[in-house]
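Got your viewer ready? Load the model, and let's walk through it one selection at a time.

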Amino acid sequence: MTTDKGDKLILTFRGVRGSYPVPGKKTREYGGNTPCLQFAAGNKNIILDAGTGICQLGRELQSKDIDIFITHLHWDHIMGFPYFAPIYDESCHINVFAPEGAVASFKLLMNKPFFPLKLAEIKAEVNFEEIAASEIKEITEKNNFTVKTFSGFHTGKNLIYKICWQDKSCVYLGDYEHQDENLEDHEFLQFLNGTDLLIYDAHFIDDEYNGLSGSPAKKGWGHSTWEEGIKLACRVEAKSLAFFHHAPERTDKELKELESWAKGELATSFAAKEGLCFKF
Ligand SMILES: [Zn+2]
Ligand SMILES: [Zn+2]
């Protein structure tokens with residue numbers, strides 16, 4: 001398998017913030033845009049989620065054949081889509097993959113009165129496709145990438161994606177709440193096992209989650225913690241761990257402190273940062 005620019009798979013974190021965008025001087029270093037990941041091998045790309053991080057990506061992307069995989073329809077994961085420049089380029093062909101039952105709602109949001117244009121006025125050829133999530137499933141082989149899904153653990157329908165390229169893999173637990181039984185779920189553990197990079201929903205720290213720091217406790221809110229990320233990464237022997245979906249109120253200073261603590265616990269862990277490139 002060859003690519004135009006060597007044999008590396010490169011992930012660029014385009015948006016790492018959870019819930020809503022937070023521009024400003026206290027979030028400048030780690031970034032304020034909401035979730036978007038760009039996987040590139042040569043000039044071939046796979047995009048995960050369409051949070052506000054996708055807007056700048058749209059201005060830079062050269063490819064005319066684009067695949068976007070959406071984990072779920074919470075605002076922070078789709079709000080950048082109407083401002084993704086390639087959808088207004090008639091030479092672009094865009095596939096949008098989303099969980100079962102999500103496409104109709106997604107289309108609704110891309111219409112008046114939520115947006116000044118109708119979906120029909122978009123210039124690119126945009127195809128929507130739903131993906132079942134009840135089992136481990138190989139969706140498609142696109143651009144030398146293989147994308148697999150697993151049913152997510154969040155509020156409502158959500159997908160966990162695994163991007164495979166050559167012998168490399170990355171699992172995206174973008175919005176995910178840990179549950180004790182997951183650590184006994186053989187299929188789930190198998191899906192994650194030995195991945196090169198586990199991207200983990202670290203919206204909270206344990207004390208916040210349990211209501212010891214700030215009230216109320218956050219159990220059932222659909223997000224996990226830094227400590228649980230380390231636990232899972234060790235359990236599945238992930239080669240690296242990226243803390244992701246940073247809480248909007250978490251400042252650069254706080255993230256830096258958390259990252260430094262986490263590296264002491266697991267040296268191969270790091271806090272995802274907007275613009276950061278991870279080479280597999
Ligand atoms: Zn989210
Ligand atoms: Zn969510």
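The tour goes from the whole chain to single strands, helices and residues.

**Before you click**

This is a predicted model, so local features need pLDDT of at least 70 and side-chain atom pairs count only at pLDDT 80 or more, while totals for chains, interfaces and linings use all residues. Residues are numbered from 1 along each chain as its sequence is written, and chains are lettered from A and ligands numbered from 1 in the order in which they are written.

**Stop 1: the whole chain**

Show the cartoon. The protein chain has 7 helices and 14 strands; these are DSSP runs (H or I of at least four residues for helices, E of at least two for strands), numbered from the N terminus. Its C-alpha trace spans about 50 × 45 × 35 Å along the principal axes. The radius of gyration is 18 Å, which agrees with the value near 19 Å that a compact globule of 280 residues would have. That radius is taken over C-alpha atoms, and the globule rule is 2.2 Å times the number of residues to the power 0.38.

How much of the chain counts as buried? Of the 280 residues, 42% do. Buried here means 20 or more other C-beta atoms within 10 Å of a residue's own, exposed means 12 or fewer, and partly exposed is in between, with C-beta atoms placed from the backbone. Contacts, meaning C-beta atoms (again placed from the backbone) within 7 Å, often reach far along the sequence: among those between residues at least 6 apart, 66% join residues at least 24 apart.

**Stop 2: helix H1**

Select residues 53–60. The buried residues of H1 are Gly-53, Ile-54, Cys-55, Leu-57 and Gly-58. Add strands E1 (10–15), E2 (36–41) and E3 (44–48), and you'll see what those buried residues pack against.

**Stop 3: strand E5**

Now pick residues 93–99. Of the 7 residues of E5, 5 are buried, so the strand is largely enclosed by the rest of the structure. Which strands pair with it? Strand E4 (65–69) runs parallel to E5, joined by 5 bridges, and strand E6 (125–131) also pairs with E5 in the parallel sense, over 7 bridges. (Pairing takes at least two DSSP bridges between the strands.) On the E6 side, His-93 stands opposite Glu-125. Follow the chain from E5 through helix H3 (103–109) to E6, and you trace a right-handed β-α-β crossover. Right-handed means that, with the strands pointing away from you, the path from the first strand over the helix to the second runs clockwise.

Zoom in on Val-96, which lies in E5. Val-96 counts as buried because it has 23 C-beta neighbours inside 10 Å. Its bridge partner in E4's pairing with E5 is Ile-68. Leaving out residues up to four places away in sequence, Val-96 touches Ile-68, Ile-70, Val-126 and Phe-128.

**Stop 4: strand E11**

Jump to residues 197–201. In E11, 5 of the 5 residues are buried. Leu-197, Ile-199 and Asp-201 point one way, Leu-198 and Tyr-200 the other. E11 pairs in the parallel sense with strand E10 (168–173) over 4 bridges, and Val-171 stands opposite Leu-198. The route from E10 to E11 passes through helix H4 (186–192), and this β-α-β crossover is right-handed. Strand E12 also runs parallel to E11, joined by 4 bridges, with Phe-243 as the bridge partner of Tyr-200.

Colour Leu-198 and its contacts: beyond four places in sequence, these are Val-171, Leu-173, Leu-192, Ala-233, Ala-238 and Leu-241.

**Stop 5: the core**

In soluble globular proteins, nonpolar side chains tend to be buried together. Here the largest nonpolar core holds 69 residues, and Ile-70, Tyr-172, Leu-198, Ile-199, Tyr-200 and Phe-243 touch the most other members. A nonpolar core is a set of buried Ala, Val, Leu, Ile, Met, Phe, Trp, Tyr and Cys residues joined through C-beta atoms within 7 Å.

**Stop 6: helix H6 and a loop**

Select residues 226–235. Trp-226, Glu-228, Gly-229, Leu-232 and Ala-233 are the ones to show as buried in H6. Looking down the axis, the buried residues fall within an arc of 155 degrees, so they line one face of the helix; the arc is that of the directions from the helix axis to the C-beta atoms. Their cover includes E11, E12 (241–244), helix H7 (252–265) and strand E13 (269–271). After H6 comes Glu-237, with a positive phi near 55 degrees.

Last selection: Pro-216, in the loop between H5 (206–209) and H6. Is it buried or exposed? Pro-216 counts as exposed because it has 7 C-beta neighbours inside 10 Å.

Technical notes: Contact = placed C-beta atoms within 7 Å.
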